[in-house]
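Please look through the sequence and the 3D view before reading on, and keep both at hand while following this report.

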Amino acid sequence: FSLREFTRQLPKAELHLHIEGTLEPDLIFKLAQRNHITLPYPDQASLQAAYQFTDLQSFLDLYYAGAGVLITEQDFFDMTWAYFLRAQADGIVHTEIMFDPQTHTARGIAMETVFAGIARAARQAKSELGISSYLILSFLRHLSQADAFATLDAALPLRNQYSDLWIAIGLDSSEKGNPPAKFEKVYARCRELGFRLVAHAGEEGPASYVRDALQLLNVERIDHGVRSQDDPALMQYLADHAISLTVCPLSNIKLKVFDSLHQHNLKHLLDRGLNVCVNSDDPAYFGGYLLDNYMQSAQALNLQQADLRTLAANSLRSSFLPKEQKQTWL
Ligand code: HPA
Ligand code: ZN
């Protein structure tokens with residue numbers, strides 16, 4: 001009975017996952033062919049060889065380019081269903097999936113197409129695989145707040161149709177120079193509308209962005225948040241209020257937030273009593289799905305069964321599932 005099997009069998013939620021970041025090179029090529037799109041790479045191997053990132057932006061450039069093969073509802077379904085099969089193999093019982101509508105609507109894809117494909121896979125995953133999910137519509141922070149408002153307005157007519165899934169709002173893309181303050185008004189509106197709120201902060205950006213995401217945007221969870229360590233008073237606040245940080249170890253290595261997994265602060269945050277959990281972020285680009293993130297972190301940071309149990313329990317505790325449902329796993 002290996003540590004991997006122990007961890008696989010722990011009930012786990014994945015709370016920080018960009019569905020466009022699950023698009024594997026083979027599916028990129030398959031969809032490009034199906035949609036008569038010519039890629040700037042002759043084959044899968046040369047595309048994959050380009051996955052050598054120096055920072056967040058160098059990744060985002062390829063990630064948005066890759067998403068350009070998604071045209072039809074079936075494309076969004078195929079991408080999302082492939083993720084659910086991986087999730088099942090890793091022992092995920094619940095997932096809260098981020099998607100970036102602006103990446104698609106800017107290319108002329110209808111908002112309905114994006115929702116319909118992802119939602120069909122999510123509903124099928126619930127009935128066929130027993131994996132529940134929610135959707136987190138995420139605004140691209142390199143675009144304007146006006147663009148975020150326009151995206152919200154375009155999505156709201158679909159809210160009733162997808163009310164079983166779309167319950168939250170997120171904020172991703174280029175962090176530096178795009179602080180939480182830029183989105184204060186649209187977050188206030190989303191809050192009035194009753195959405196749960198999360199935001200990326202403290203990945204490449206400073207600890208002050210984590211503070212601002214909490215204070216100005218009123219988010220309940222911080223995506224990444226690893227730079228919080230630079231601010232002792234913030235660390236105390238995060239611990240006292242059990243604020244969830246959705247940490248993504250392999251992502252942080254690929255995007256050079258830390259030099260190596262041995263230097264990652266996951267274990268430090270855990271030992272300081274912070275509510276951290278492990279997630280895969282963009283697994284097709286970062287070289288590992290959820291269980292790989294757990295296992296490589298365990299190996300590099302000498303995590304024991306008790307740590308792995310805490311991380312898995314934190315993921316479920318920090319999910320947006322109703323309390324009664326969480327308790328069936330905890
Ligand atoms: N950070 C910011 N934006 C993103 C990420 C990330 O890790 N993944 C996809 N969009
Ligand atoms: Zn992310």
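What spacing do the donors of the zinc ion (ligand 2) follow along the chain? In this predicted model, the spacing of these donors is H-x1-H-x181-H-x80-D.

## The zinc site

The protein donors behind this spacing are His16, His18 and His200, each through its NE2 atom, together with Asp281 through OD, and they lie 2.0 to 2.2 Å from the zinc ion (ligand 2). His16 belongs to strand 1 (residues 12–18) while His200 belongs to strand 5 (residues 196–201), so this pair ties together parts of the chain that are 184 residues apart in sequence. Both His16 and His200 are buried.

The angles among the four donor atoms run from 82 to 175 degrees, and the site is classed as irregular. A tetrahedral site would need all its angles to lie between 85 and 135 degrees, so the angles of 82 and 175 degrees both fall outside that range.

## The surroundings of ligand 1

Several residues surround ligand 1, among them Leu56, Phe59, Leu60, Tyr63, Asp172 and His224. His18, His200 and Asp281 are also around ligand 1, and these three residues are among the protein donors of the zinc ion (ligand 2) as well.

Polar atoms of the protein approach ligand 1 in several places. A nitrogen atom of ligand 1 lies 2.8 Å from a polar backbone atom of Ser173, and a polar side-chain atom of Glu203 is 2.8 Å from a nitrogen atom of the ligand. On the side chain of Asp281, an N or O atom is found 2.7 Å from an oxygen atom of ligand 1. On its own, ligand 1 has 260 Å² of accessible area, and the protein covers 100% of this area.

## A strand covered on both faces

Strand 7 (residues 244–247) is covered on both faces, with Ser244 and Thr246 buried on one side and Leu245 and Val247 buried on the other. Strand 6 (residues 221–224) runs parallel to strand 7, and three bridges join the two. Within this pairing, Ile222 stands opposite Leu245 of strand 7.

## Two residues with positive phi

Most residues other than glycine have a negative phi. His36, which is not a glycine, nevertheless has a positive phi of about 55 degrees. His36 sits in the loop between helix 2 (25–34) and helix 3 (44–49), and with a relative accessibility of 73% it counts as exposed.

Ala242 likewise has a positive phi, near 50 degrees, and its place is in the loop between helix 11 (232–240) and strand 7. At 46% relative accessibility, Ala242 counts as partly exposed.

Conventions
Residues are numbered from 1 along each chain as its sequence is written. Chains are lettered from A and ligands numbered from 1 in the order in which they are written. This is a predicted model: local features need pLDDT of at least 70, side-chain atom pairs count only at pLDDT 80 or more; totals for chains, interfaces and linings use all residues. Side-chain values use heavy atoms; hydrogens and water are left out. Donors are N, O and S atoms within 2.8 Å of the metal (3.2 Å for Na, K and Ca); water is not among the atoms, so sites may look incomplete. Four donors count as tetrahedral if all angles lie between 85 and 135 degrees; four count as square planar and six as octahedral if opposite donors are over 155 degrees apart and all others between 65 and 115; anything else is irregular. Helices (H or I, at least four residues) and strands (E, at least two) are DSSP runs, numbered from the N terminus. Buried means under 20% relative accessible area, exposed over 50%, partly exposed in between (1.4 Å probe, protein chains only). A residue is near a molecule or strand if one of its heavy atoms lies within 4 Å of it. A polar contact is a pair of N or O atoms within 3.5 Å; within protein, one must be able to donate a hydrogen and the other to accept it, and residues adjacent in sequence count only if both atoms are side-chain atoms. Accessible areas come from the Shrake-Rupley method with a 1.4 Å probe; for residues, only the protein chains shown count as cover. Two strands pair if DSSP finds at least two bridges between them.
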